[in-house]
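User: Please take a close look at the internal spaces of this model, and set whatever you find there in the context of the surrounding architecture. A single connected account would be preferred.

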Amino acid sequence: MNISVRKVIIYIALTVILASLIPLVFIYTTKKQQPSVSNQTPTNKEKLILGFSQIGSESAWRSRNTESIFEAAEANDIQILFDDAQQKQENQLKAIRSFIVYQVDVIAFVPIVEDGWDNVLQEAKEAGIPVILVDRQINTNSDLYAGFLGEDGNTEGKLAAEYLVKKCADKENKINILEFSGTANSSVVRKRAEGFRDVIKDYPKFEIIHSEDGDFLRSRGKEIMDRILLENQGLFINEKPIDVIYSHNDSMTLGILDSFEKNNISPDDVIIISIDGEQKSIDALTQGKLNCVVECNPNLGPLLMNLIKDVAEGKEIPPVTYMNETVFTEDDDFSQYTPRGY
């Protein structure tokens, strides 16, 4: 065999060997880039990785909730794999499973509804990845998640009702209430409804004459109010006057005010109570368009990061952690208000 032929054979052989090694190098490099499993204490050379699924961006409150988490993660040098579920549970289930495959250190998510999480949380547990519920709670075995961080919806509902009882203390006539609830089958809706009813049940003069799901959306609040005003030719439900509107969030409340403006209805004609505390609702309160706003604090990022670092180190966290919240009313000194930031 001459020298030139031998060189060609050697060249071909080397090419084949190198080509066979490339996938191995790629696989090894990819594996090296994967985060450590959650039960390992992270070193100073690597970041904790959080898989976070948010339900969407349906309101200024929700957007601020997401911003707070990202800001706190950056301040704590925690990396986020983020998913926007766009109000669909199936999207969240896919996202959580992708976090498990990626082997994030901790999973946190805002559950859209209360039911249907058992299987995916069991998968996370078997993978050794702790899960923290954010903002909303679920119906499942508490062993499947590390803890909950968010608002106390029951207390929020009670605070709204306590304001109403005080506001109407001197009224003896029947007081009819129209309720705008949020996303069906979510824990926050159930709790805000239960807390409100727990208080007014002791006062026979209060009656909820109609309750409707507005899905926490401004557009739905306006749509529902428009329809009620049209069908009843004013602030009535089945010929009963609407004395009070209890809205589960500010976005729906702002939609109600949009409808009032469109239909030349004065907010003075009804008592309006809202929950959240967005800047636009506080502005409406100071303008006399609302009577009471119960705060739901979206700025839970710093507390969440503390919980994440604890569970990543294998520490137990409280099963429930509630945010500090307050109540704004028409009787406040508005000069003491500070900008809400959302």
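Analyst: The helices named below are DSSP runs of H or I with at least four residues, strands are runs of E with at least two, and both are numbered from the N terminus. The model is a predicted one.

The account opens with the largest pocket. Its volume is about 300 Å³. A total of 17 residues line this pocket, and those closest to its centre are Pro130, Val131, Asp143, Tyr145 and Ala146. Among the elements, helix H4, which covers residues 118-126, gives the most to this lining, with 3 residues. By class, the lining of the largest pocket divides into 10 nonpolar, 3 polar and 4 charged residues.

One of the central residues, Val131, belongs to strand S4, whose span is residues 131-134. Strand S4 runs parallel to strand S5 (residues 147-150), and 3 bridges join the two. Within this pairing, Ile132 has Gly147 of S5 opposite to it.

These two strands belong to a wider sheet. The sheet is open and parallel, and its 6 strands follow the order S2-S1-S3-S4-S5-S13. Strand S2 (78-84) and S13 occupy the edges; each has a single partner strand, so one side of each is left without a neighbour in the sheet. On average, and with direction ignored, neighbouring strands of this sheet are turned by 20 degrees against each other.

At the S2 end of that order, S1 runs parallel to S2, and 7 bridges join them. Gly51 of S1 has Leu81 as its bridge partner in S2. Strand S1 is mostly covered, with 7 of its 7 residues buried. Leu48, Leu50, Phe52 and Gln54 point one way from S1, while Ile49, Gly51 and Ser53 point the other way; all of them are buried.

The chain continues from S1 (48-54) into a loop that leads to H2, and Ser59 has its place in this loop. Ser59 counts as buried because its relative accessibility is 8%, and the limit for that class is under 20%. The side chain of Ser59 reaches the backbone nitrogen of Arg62 at 3.1 Å.

Arg62 leads to the enclosed spaces, since this residue also takes part in the lining of the largest cavity. There are 2 cavities of 30 Å³ or more. The largest cavity holds about 100 Å³ of space. Its lining comprises 13 residues, of which Trp61, Arg62, Arg192, Phe216 and Asp276 are the closest to the centre. Helix H2 (60-75) and helix H6 (187-200) each supply at least two residues of this lining. By class, the lining of the largest cavity has 7 charged, 4 nonpolar and 2 polar residues.

Helix H6 also takes part in the second largest cavity, where it provides the largest share of the lining, 3 residues. About 40 Å³ of space lies in this second cavity. The lining consists of Asp135, Arg136, Gln137, Phe148, Glu151, Gly153, Ser187, Val188 and Lys191. These residues divide into 4 charged, 3 polar and 2 nonpolar. Phe148 ties this cavity to the sheet, as strand S5 covers residues 147-150.

Two loop residues complete the picture of the surroundings. Asn299 is located in the loop between strand S12 (292-295) and H10. At 29% relative accessibility, Asn299 counts as partly exposed. Although Asn299 and Glu67 are 232 residues apart in sequence, their C-alpha atoms are 8.4 Å apart in space. Glu67 lies within the span of helix H2 (60-75), one of the helices that supply the lining of the largest cavity.

Glu313 is found on the other side of H10, in the loop between this helix (301-312) and strand S13 (320-322). The chain thus passes from Glu313 towards an edge strand of the sheet. Glu313 counts as partly exposed, because its relative accessibility is 42%, between the limits of 20% and 50% for that class. The side chain of Glu313 makes a polar contact with the side chain of Lys315 at 3.4 Å. Glu313 and Asp105 are 208 residues apart along the chain, and a distance of 9.7 Å separates their C-alpha atoms.

Key:
Residues numbered from 1 in each chain as written. Predicted model: local features only at pLDDT ≥ 70, side-chain atom pairs only at ≥ 80, totals over all residues. Heavy atoms only, no water. 1 Å grid on protein atoms, 1.4 Å probe; cavity = no way out; pocket = protein on both sides within 12 Å on 5 of 7 lines; lining within 4 Å. Points joined across faces, edges and corners; volume = space filled by probe spheres on them. Nonpolar A, V, L, I, M, F, W, Y, C, P; charged D, E, K, R; others polar. Buried < 20%, exposed > 50% of the residue type's maximum accessible area, 1.4 Å probe, protein only. Polar contact = N/O pair within 3.5 Å; in protein donor to acceptor, adjacent residues only side chain to side chain. Pairing = 2+ DSSP bridges. Axes fitted to C-alpha atoms, helices over the stretch in contact; angles between N-to-C directions.
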